[in-house]
Amino acid sequence: MSARAALVSIVLLAGCAAKPFVAARCQQDSQCGDGFACTGGACVARAAPPATWAVELSPRADSTAAFTELHDVSGAATTFDLRAGAKTTLSATLAADAAATPLMAAHFVLTVPSTIPGQPDLQFETDLPTVANTATPAFSLDVPKAIVGRTGTFEVLPLSPSDAHEAPVRASLPVAAQVELPRPSTRLTVRGRLLSAVGDPRAGFTARAFLGADLVSNVDVTTTDGVFTLVVPATALVTASTAAVTVDLEPATGSSDPRFGSTTFALPANVDLGDITMPAYGQPNAFQFAVHGDAADGPTVGGAIVRAWTLLADDPSGRTDFLRAAPTDGGGHATMSLLPGTTNALRDYDVAIVPPPESAYAVRCLSDFPLASGGTAQAPANVPPVILPRRAVLTGVVRGADGTLASGVMIVATRTAADASMTCGPNVGAQPATATTDDAGAFALTLDPGTYRIDYDPPSGAPFPRLTETGVVVAASASSPISHDVGLPAGALVEGTVVGPDGAALPLAGVRFFEAGCASVDACQVAPLLRAETRADATGHFRVVFAK
């Protein structure tokens, strides 16, 4: 089952669990007259969509039908029937290698581009069976038969303990019922030795090599001599002579050490990075942050994440930095062990405070936050209180096209761009804010400054269509509350049945209707617009309201 299919199921189930729409203007279709249907107590016009749609069908996990993408879908308003495709079983095997250490644990991922323009790739995954023949590791999973013959990216990602000696394997191949993934015949090594500022070997650091964001090596740990050796398959490199590889050295969990990230380097052959010397730094001291809203003596803010980051060194060999994070308790306090400065040489940190989504207070970032020496875990040094501004409150009433109050509408506000005045920039994202309209159609959202996409999703059975607003700007200087009444567009209803490849009805199948943002999948960077979604009933029948 694809990751997105699982997510679709969760979202649809969440929608079904939302507060039901309540009205009493009609109870059955016969009360509405020709060309109308009774939905959510209201008479809604029947009408075929004004344009063709792209559709995703998400059958239940135990169904014989597969997650299915349909294109250019149209039909009559009363018989908008949809057919899901069949599943097939895919077997992927790693080519035998007598010299390789047996693969004991691994995760398998198959990624195939979506055929709906702008949609994320389809992804299917499974784990290596615990009773697998490790000499020729094999993975088996059910996938849509429709993807057979298309080019996919196959990945075998070793897990502990196998990742200590095996690097990930990636290959782009046509999807087939049986696929043999080639094992790399050429392996390059990256070696180095990690030392402290005074030349002592540093043991216990986890070493990894990356090509961009992709892990391309095994996972090694520096020895008592500070040495690490990474193996990189030559096939993992785009061009062996020009590949931009980096090495990351991460301290053990709970360690007081900083992290090192090398500058990029080519890997035309085996590389010895030589001695990597960490910069000088003292033992961490305990510092206690106090987070308040509005003023230093204002309400304390619990549940916020405080992140403190400092750069220790940036030279031709790489960057050494130090990052710690901790949540605030009920009293608004967060204690962290940080590398200290001195009264003569303060150490500057970039500090970000991210309150929970439901908080009345906004994200705040502080650049060049100076720290001198601190305290101990039992007696941490107190830093000046951090004051958070209030979030703007977006309030409004949601109504249908005829002015009917729309209750039970789930609202999700997703920030698509940070406000230019925020020093955090795009590095600290605001979590989506959610609300549900009450019986009077009213809602309130607390939002950080920025530009938002706001989705309005009526509950199952409501006579209103779904609406997406884009480009909603919440200014940093916005007064609170901001009035934002919303009128949902006029709706029209289509209904039909979802069936499987054998023609049998698919009970409880999820159905999502998209308006594609591009004519072709080629280089499409515009996400399709979700116009409507629903779930079929126990007989495979569905009704959905869309915007005319």
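Two strands are said to pair if DSSP finds at least two bridges between them, and this idea will guide the reading of the structure above, which is a predicted model.

A good place to apply the definition is strand E37, which covers residues 491-499 and is mostly covered, since 8 of its 9 residues are buried. Strand E5, made of residues 82-83, pairs with E37 in the parallel sense over 2 bridges, and within this pairing the bridge partner of Arg83 is Val499 in E37. Strand E2, residues 42-46, also runs parallel to E37 and is joined to it by 2 bridges, with Ala45 having Ala492 of E37 as its bridge partner. The pairing between E37 and strand E40, residues 541-547, is antiparallel and extends over 7 bridges, and here Gly496 stands opposite Phe542 in E40. In general, strands of a sheet pair through backbone hydrogen bonds, and they may do so in either a parallel or an antiparallel sense.

From this strand we can turn to an open sheet of 3 strands, whose order is E9-E6-E12 and whose pairing is mixed. Its edge strands are E9, residues 138-144, and E12, residues 178-181, each of which pairs on one side only. On average, and with direction ignored, neighbouring strands of this sheet are turned by 25° against each other. Strand E6, residues 87-94, runs parallel to E12 and is joined to it by 4 bridges, and Ala92 has Val179 in E12 as its bridge partner.

Within strand E9 lies Val143, and one may ask whether Val143 is buried or exposed. Its relative accessible area is 1%, and because buried means under 20%, Val143 counts as buried. Not counting residues up to four places away in sequence, Val143 touches Ala86, Lys87, Thr88, Leu90, Leu110 and Phe124. Val143 and Thr88 are 55 residues apart along the chain, yet their C-alpha atoms are separated by 5.6 Å.

With these details in mind, the whole protein can be considered. The protein has 1 helix and 40 strands, and of its 548 residues, 46% count as buried. Among the contacts with a separation of 6 or more, 67% are made by residues 24 or more positions apart. The C-alpha atoms fill a box of roughly 85 × 70 × 40 Å, taken along the principal axes, while the accessible surface comes to about 24,700 Å², of which 54% belongs to carbon and sulfur atoms. Finally, the protein carries 33 positive and 50 negative charges, and the mean positions of these two groups are 3 Å apart.

Methods. Residues are numbered from 1 along each chain as its sequence is written. This is a predicted model: local features need pLDDT of at least 70, side-chain atom pairs count only at pLDDT 80 or more; totals for chains, interfaces and linings use all residues. Side-chain values use heavy atoms; hydrogens and water are left out. Buried means under 20% relative accessible area, exposed over 50%, partly exposed in between (1.4 Å probe, protein chains only). Contact means heavy atoms within 4.5 Å. Accessible areas come from the Shrake-Rupley method with a 1.4 Å probe; for residues, only the protein chains shown count as cover. Lys and Arg count as positive and Asp and Glu as negative; His and the chain ends are not counted. The place of a charge is taken as NZ of Lys, CZ of Arg, CG of Asp or CD of Glu. Axes are lines fitted to C-alpha atoms, for helices over the stretch in contact, and angles run from 0 to 180 degrees between N-to-C directions.
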